[in-house]
Amino acid sequence: MSISKQFLKSKPECKVTFVWNAKEAKSVTVAGDFNNWETTQLPLKKLKNGTFKGSINLPIENSFQFKYLVDNNSWVNDDSADNYIWNDFAGGENGVLEL
């Protein structure tokens with residue numbers, strides 16, 4: 001589980017790469033403020049070693065709440081999120097990206 005950030009020099013954006021280790025999972029997607037919590041817009045690709053990986057460019061000087069959806073039934077947080085915030089709707093915490 002990790003998140004890497006690459007701030008672009010040519011635009012006020014940051015390339016955020018999500019890596020999630022879930023060898024037994026069939027699918028992992030990332031949903032959050034940046035994609036209106038749509039669970040189909042940021043699917044992660046399963047690699048041969050069993051990890052899932054995907055990237056998105058996001059505007060800098062923002063913060064975004066997000067979670068992983070594993071196999072379309074389990075919402076989980078990333079241990080490497082910058083922060084966590086309580087979500088009354090979900091009855092749990094969401095991870096936060098600070099850019």
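These legends describe an overall view and close-up views of a predicted model.

**Figure 1. Overall view of the protein chain, built from nine strands and zero helices.** From the N terminus on, the elements follow the order β-β-β-β-β-β-β-β-β. Taken along the principal axes, the C-alpha atoms fill a box of roughly 40 × 35 × 20 Å. The radius of gyration is 13 Å, which agrees with the value near 13 Å for a compact globule of 99 residues. Of the 99 residues, 38% count as buried. The chain exposes about 6,100 Å², and carbon and sulfur atoms supply 47% of that area. Among contacts between residues at least 6 apart in sequence, 60% join residues at least 24 apart.

**Figure 2. Close-up of Asp78, a buried residue without a salt bridge.** Asp78 lies in the loop between strand S7 (74-76) and strand S8 (83-87). Lys5 has the nearest side chain of opposite charge, and it is 11 Å away. The side chain of Asp78 does make a polar contact of 2.6 Å with the side chain of Tyr68. Leaving aside neighbours within four places in sequence, Asp78 is in contact with Met1, Ser2, Ile3, Val19, Trp20, Phe66, Tyr68 and Tyr84.

**Figure 3. Close-up of Lys5 in strand S1.** Strand S1 covers residues 2-7. Lys5 has a relative accessible area of 31%, so it counts as partly exposed. The side chains of Lys5 and Asp82 are joined by a polar contact of 2.5 Å. The side chain of Lys5 also reaches the backbone oxygen of Glu98, at 2.8 Å. Not counting residues up to four places away in sequence, Lys5 touches Cys14, Lys15, Asp82, Leu97, Glu98 and Leu99. Asn36 is 31 residues from Lys5 in sequence, and the two are 21 Å apart in space, C-alpha to C-alpha.

**Figure 4. Close-up of Asn94 in strand S9.** Strand S9 is made of residues 92-98. Asn94 counts as buried because its relative accessible area is 1%, under the 20% cut-off. A polar contact of 2.7 Å links the side chain of Asn94 to the side chain of Gln65. Residues touching Asn94, not counting those up to four places away in sequence, are Trp37, Gln65, Phe66, Lys67, Asn77, Asn83, Tyr84, Ile85 and Asn87.

Conventions: Residues numbered from 1 in each chain as written. Predicted model: local features only at pLDDT ≥ 70, side-chain atom pairs only at ≥ 80, totals over all residues. Heavy atoms only, no water. Helix = DSSP H or I, 4+ residues; strand = E, 2+ residues; numbered from the N terminus. Buried < 20%, exposed > 50% of the residue type's maximum accessible area, 1.4 Å probe, protein only. Lys, Arg positive; Asp, Glu negative; His and termini not counted. Salt bridge = Lys/Arg side-chain N within 4 Å of Asp/Glu carboxyl O. Polar contact = N/O pair within 3.5 Å; in protein donor to acceptor, adjacent residues only side chain to side chain. Contact = heavy atoms within 4.5 Å. Rg over C-alpha atoms; globule rule 2.2 N^0.38 Å. Areas by Shrake-Rupley, 256 points an atom, 1.4 Å probe, with all protein chains shown as cover.
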